[in-house]
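The following exercises ask the reader to work through one protein structure step by step. Each task is followed by its solution.

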Amino acid sequence: MSLNEVTLNLPNYPMEELAKIRQRLIDKNQKVYDFGTGDPKIPTWEPIRKAMLDATTSISQYPSSSGCPELVKAIWTYCERHFKVQPKKGLDILATNGSKEAIFHISLNLIGRAGGKKIIAYPDPGYPVYRSSCLFAGGTPYPIELNEANGFQTEPWKLPKDVQDNCAALWINYPHNPTGALMEESHLHKIIAWCKEKDVVLLADDCYLDIYSPEWDKTGQRPVTPIMFTHENVIAFMSLSKRSGMTGYRSGFIIGDQKLMPAIAKARANMGVGTPTAIQKAAAVAWADEDHVAERRKIFAKRIDLAYPYLHKLGMIDTKPSATFYLWCKVPNGQDDVEFCLRLAELGVIASPSQWLSEGIKGFVRFALVPDDKDTIEAMEIIAKYLKK
Ligand SMILES: Cc1ncc(COP(=O)(O)O)c(C=O)c1O
């Protein structure tokens, strides 16, 4: 065999499947309402774009893989503002090329730690890279099912004992893609305590941390992340993709235990993950500003307010999410989720079936609220009409 088993056995990446369906509809000149990929098309705040253009130099040189000084300063100011943490007081940061690559690469640093622990546990449904990165690094992925019964909460203490004993790292992701669930602070403390007891590195995928209900802006409430409460054996993964509408720029950072980060920095210097300097300078502008993020929160909340009543009335969703821009809905009438999504796609409405966002969870569909207000309403009308037939 010329390629290894992991490479040969990879499932199709769900977003690529959706892109193919989308293209087929466009080729047929059909109007497309694309709720598939979580990539909203809201223009990036102009000063960010300007900062990137202004920083484009005539001489091209390798970028810093850990972050240029302006970016490092802006990230620390953001972290002090929101998490009340300071540089070199237990935590360290590293710039990343978006969070996807950092999520992928961290497995290479963790599999085999603590005398050979090989398991990485992660939420299911969830971001598919938790699993694939673990497999590529030679580890054993272990999905933890999140469902309505457990309130979409990660409960690692319920895993089989041998899994708990061999767990190298645990992923959590709150606000959660795809359900929009949040984690209570008290639950997070239980997770932190479990990680300490079991010697598990806690990995927090925090790329939706700034996408919460604009109502919270009035009270200063925010989703929680472990770095607010502990430094030990914890790494949080932050991103500008959703926060600042910069999916195409590729910029984020990791913040974690000062004892782990220097070795991770050395490893990352081998990985070719330095973000171009012009983008790092634009990222510094993005982390320094909160107003454009508050505007984005309002846009997403409005879309939730528009779509939710339709889907609620159709019996597809019971609770309005207070974070992210996803609606995780039950497929009506016990229909298969893939079939349901393919039928909707024929009508021009693209959404993701749960089987594509999980390891076999059936009966749900995710709407990423990417289309604008008008298209959101039009698409909801199409769904309502289809289901009333
Ligand atoms: C849960 C989750 N984690 C990580 C990512 C990666 O985001 P990025 O690499 O753009 O920072 C995404 C992207 O959709 C996501 O939904």
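A residue counts as buried when its relative accessible area is under 20%, and as exposed when that area is over 50%; values in between make it partly exposed. The model studied here is a predicted one.

**Exercise 1. Determine whether Tyr78 is buried or exposed, and describe the aromatic pair of Tyr78 and Phe83.**

Step 1. The relative accessible area of Tyr78 is 1%, so Tyr78 is buried.
Step 2. Phe83 has a relative accessibility of 3% and therefore also counts as buried.
Step 3. The two rings form an edge-to-face pair, with 5.7 Å from centre to centre and 90 degrees between the planes.
Step 4. Another aromatic pair, Tyr212 with Trp216, is stacked: the centres are 5.6 Å apart and the planes make 20 degrees. Both Tyr212 and Trp216 are buried.

**Exercise 2. State the order of the strands in the open sheet, and explain why one side of S2 and of S4 is left without a neighbour.**

Step 1. The open sheet has seven strands, in the order S2-S8-S7-S6-S5-S3-S4, and its pairing is mixed.
Step 2. Strand S2 (91–96) and strand S4 (140–145) stand at the edges; each has a single partner strand, so one side of each has no neighbour in the sheet.
Step 3. From one strand to the next, the twist averages 20 degrees.
Step 4. Helix H4 (residues 69–83) packs on this sheet and touches S2, S7 and S8, with its direction at about 125 degrees to that of S2.
Step 5. Helix H5 (residues 99–110) lies across S2, S3, S5, S6, S7 and S8, and runs at about 160 degrees to S7.

**Exercise 3. Compare the pairing sense of S7 with S8 and of S3 with S4.**

Step 1. Strand S7 (residues 234–239) and strand S8 (residues 252–257) pair in the antiparallel sense over five bridges. Within S8, Gly256 is the residue opposite Ile235.
Step 2. The pairing of S3 and S4 is in the parallel sense, over six bridges. Tyr122 has Pro143 in S4 as its bridge partner.
Step 3. Between S3 and S4 the chain passes through helix H7 (residues 129–136), and this β-α-β crossover is right-handed.
Step 4. S3 also pairs with S5 in the parallel sense, over three bridges. Here Ala121 stands opposite Leu170 in S5.

**Exercise 4. Establish which residues of S3 are buried on each of its faces.**

Step 1. Six of the six residues of S3 are buried.
Step 2. On one side these are Ile119, Ala121 and Pro123; on the other they are Ile120, Tyr122 and Asp124.
Step 3. Tyr122 also belongs to an aromatic cluster together with Tyr127, Tyr130, Trp171 and Phe237.

**Exercise 5. Locate two cis peptide bonds, those that lead to Pro175 and to Pro178, and examine the phi of Asn29 and of Asp199.**

Step 1. The bond from Tyr174 to Pro175 is cis, with omega near -5 degrees. Pro175 lies in the loop between S5 and helix H9 (185–198).
Step 2. The bond from Asn177 to Pro178 is cis as well, with omega near 20 degrees, and Pro178 lies in the loop between S5 and H9.
Step 3. Asn29 is not a glycine, yet its phi is positive, near 60 degrees. With a relative accessible area of 74%, Asn29 is exposed.
Step 4. Asp199, in the loop between H9 and S6, has a positive phi of about 55 degrees. Its relative accessibility is 31%, so Asp199 counts as partly exposed.

Methods: Residues numbered from 1 in each chain as written. Predicted model: local features only at pLDDT ≥ 70, side-chain atom pairs only at ≥ 80, totals over all residues. Heavy atoms only, no water. Pairing = 2+ DSSP bridges. Helix = DSSP H or I, 4+ residues; strand = E, 2+ residues; numbered from the N terminus. Axes fitted to C-alpha atoms, helices over the stretch in contact; angles between N-to-C directions. Contact = heavy atoms within 4.5 Å. Buried < 20%, exposed > 50% of the residue type's maximum accessible area, 1.4 Å probe, protein only. Right-handed = clockwise from strand over helix to strand, strands pointing away. Phe/Tyr/Trp six-rings, centres within 6.5 Å; stacked < 30°, edge-to-face > 60°.
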